[in-house]
Amino acid sequence: MIPVIHHPHYVAESPPGSRYRWGKNGLVRDLLLDMGPAIDWHEPEPMPRGWIEAVHDDSYVAEVIEARVPPAKERRIGFAVTPPMALRAVAVPGGTYAAARVAMERGYAANTAGGSHHALADTGAGYCVFNDLAIAANRLVDEGTCDRVLVVDVDVHQGDGTASLLAGRTGLATYSIHAEKNFPARKARSTLDIGLADGVGDDEYLSTLAATLVPLIDSFAPSLLLYQAGVDPFADDRLGRLSLTQAGLNERDRWIGQLARTRGLPIASALGGGYGDLLEVAQRHVQSIVAVAEGTGIVARA
């Protein structure tokens, strides 16, 4: 069984004027429900406000929770932060944290949302409100659950918010492999950034991933991997600039799971980006969850 974290607040109606196409999280949930007993469902607690404020500015946290985010910040986020969006913003980091805790017991767990890697200290950005990866990673180390957490971000866009929020914090490191010319225009500095040229395909991508991530894991010696498993490196993604096939994405995720298993590391995944036909994107996310589970040995490869 694959441990999956899901909260009802993940599935919310599109706010007025939203540039983001909502519905993906509900489709991912439904596709996983279709897998029946293969999925072990867990509902997380929302992230306590104090842990959000440990990463984000108190004033911005209040703006979100009270659904009074200024218009300039909402434009930067890409949608209005309505009361349902505020509830979602608090639930998602709770889910990523819960996935990490379950992964430490089971080897792997997947959150059906999250990977909000563009959110910064005082504002959201790029469809991200709170940075669940940074919040969860910081909490896990600060409360003593983990000694060291490595955030591995394979989204086609650089994890600028995560890099910025975790920079200089003890026991935390960030890795981002992304399309160099894609959003954001101004990159932050991760522990290790791998910027790829437009059009990179399966072979070059996978060889570069292995050549750069393995040495970082061996030198940093994390006790947990938080995996931002964006599927937008896919060749036909609406906002991507890379050229991975579905087979390449599957191999990427399976390899990450195998790497975690061979190093004896628990791994927790968050959904990350994917843009285009909603059902096709949701199917790619579900294939990603299954592929990581296959790599970790939780389920046998089909």
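Helix α5 covers residues 83–106 of this predicted model. At 1.5 Å a residue, its 24 residues should span 34 Å, and the end C-alpha atoms are 34 Å apart, which agrees. The expected span of a helix is 1.5 Å times one less than its number of residues. Helices (H or I, at least four residues) and strands (E, at least two) are DSSP runs, numbered from the N terminus. Of the 24 residues of α5, 17 are buried, so the helix is largely enclosed by the rest of the structure. Buried means under 20% relative accessible area, exposed over 50%, and partly exposed in between, with a 1.4 Å probe and protein chains only. G107 follows α5 and has a positive phi, near 100°.

Because the model is predicted, local features need pLDDT of at least 70 and side-chain atom pairs count only at pLDDT 80 or more, while totals for chains, interfaces and linings use all residues. Residues are numbered from 1 along each chain as its sequence is written, and side-chain values use heavy atoms, with hydrogens and water left out.

**The chain as a whole**

The chain has ten helices and eight strands. With 302 residues, a compact globule would have a radius of gyration near 19 Å; the chain has 17 Å, which agrees. The radius of gyration is taken over C-alpha atoms, and the globule rule is 2.2 Å times the number of residues to the power 0.38. Along the principal axes, the C-alpha atoms fill a box of roughly 45 × 40 × 40 Å. Buried residues make up 60% of the 302 residues. Among contacts with a separation of 6 or more, 75% join residues 24 or more positions apart; contact means heavy atoms within 4.5 Å.

The chain exposes about 11,500 Å², and carbon and sulfur atoms supply 50% of this area. Accessible areas come from the Shrake-Rupley method with a 1.4 Å probe; for residues, only the protein chains shown count as cover. The mean positions of the 27 positive and 36 negative charges are 3 Å apart. Lys and Arg count as positive and Asp and Glu as negative, whereas His and the chain ends are not counted. The place of a charge is taken as NZ of Lys, CZ of Arg, CG of Asp or CD of Glu.

**Helix α9 and R254**

Helix α9 comprises residues 246–262. Its 17 residues should span 24 Å at 1.5 Å a residue, and its end C-alpha atoms are 24 Å apart, which agrees. Twelve of the 17 residues are buried, so α9 is largely enclosed by the rest of the structure. The buried residues include L249, W255, I256 and L259. Their cover includes β4 (149–153), α8 (202–220), β7 (224–228), β8 (267–270) and α10 (278–296). G264 follows α9 and has a positive phi, near 70°.

R254 is placed in α9 and counts as buried at 10% relative accessibility. Not counting residues up to four places away in sequence, R254 touches A291, V292, E294, G295 and R301.

**Helix α1 and A282**

In helix α1 (residues 24–33), the buried residues are K24, N25, G26, V28 and L32. These residues pack against β1 (2–5), β2 (39–42), α5 and α10. A282 lies in α10 and counts as buried at 0% relative accessibility. Residues up to four places away in sequence aside, A282 touches K24, L27, V28 and L31. The C-alpha atoms of A282 and L271, eleven residues apart along the chain, are separated by 9.7 Å.

**Loop residues**

G114 is in the loop between β3 (108–111) and α6 (132–142), and is buried with a relative accessible area of 14%. Leaving aside neighbours within four places in sequence, G114 is in contact with V92, T96, D132, A270, L271 and G272. G114 and G273 are 159 residues apart along the chain, and their C-alpha atoms are separated by 9.1 Å.

The peptide bond from F183 to P184 is cis, with omega near 0°. P184 is found in the loop between β5 (172–179) and β6 (192–196). Most residues other than glycine have a negative phi, and most peptide bonds are trans. The table lists two residues that have a positive phi although neither is a glycine.

| Residue | Phi | Loop | Relative accessibility |
|---|---|---|---|
| A67 | about 55° | between α3 (58–65) and α4 (71–77) | 25%, partly exposed |
| Y127 | about 70° | between β3 and α6 | 24%, partly exposed |
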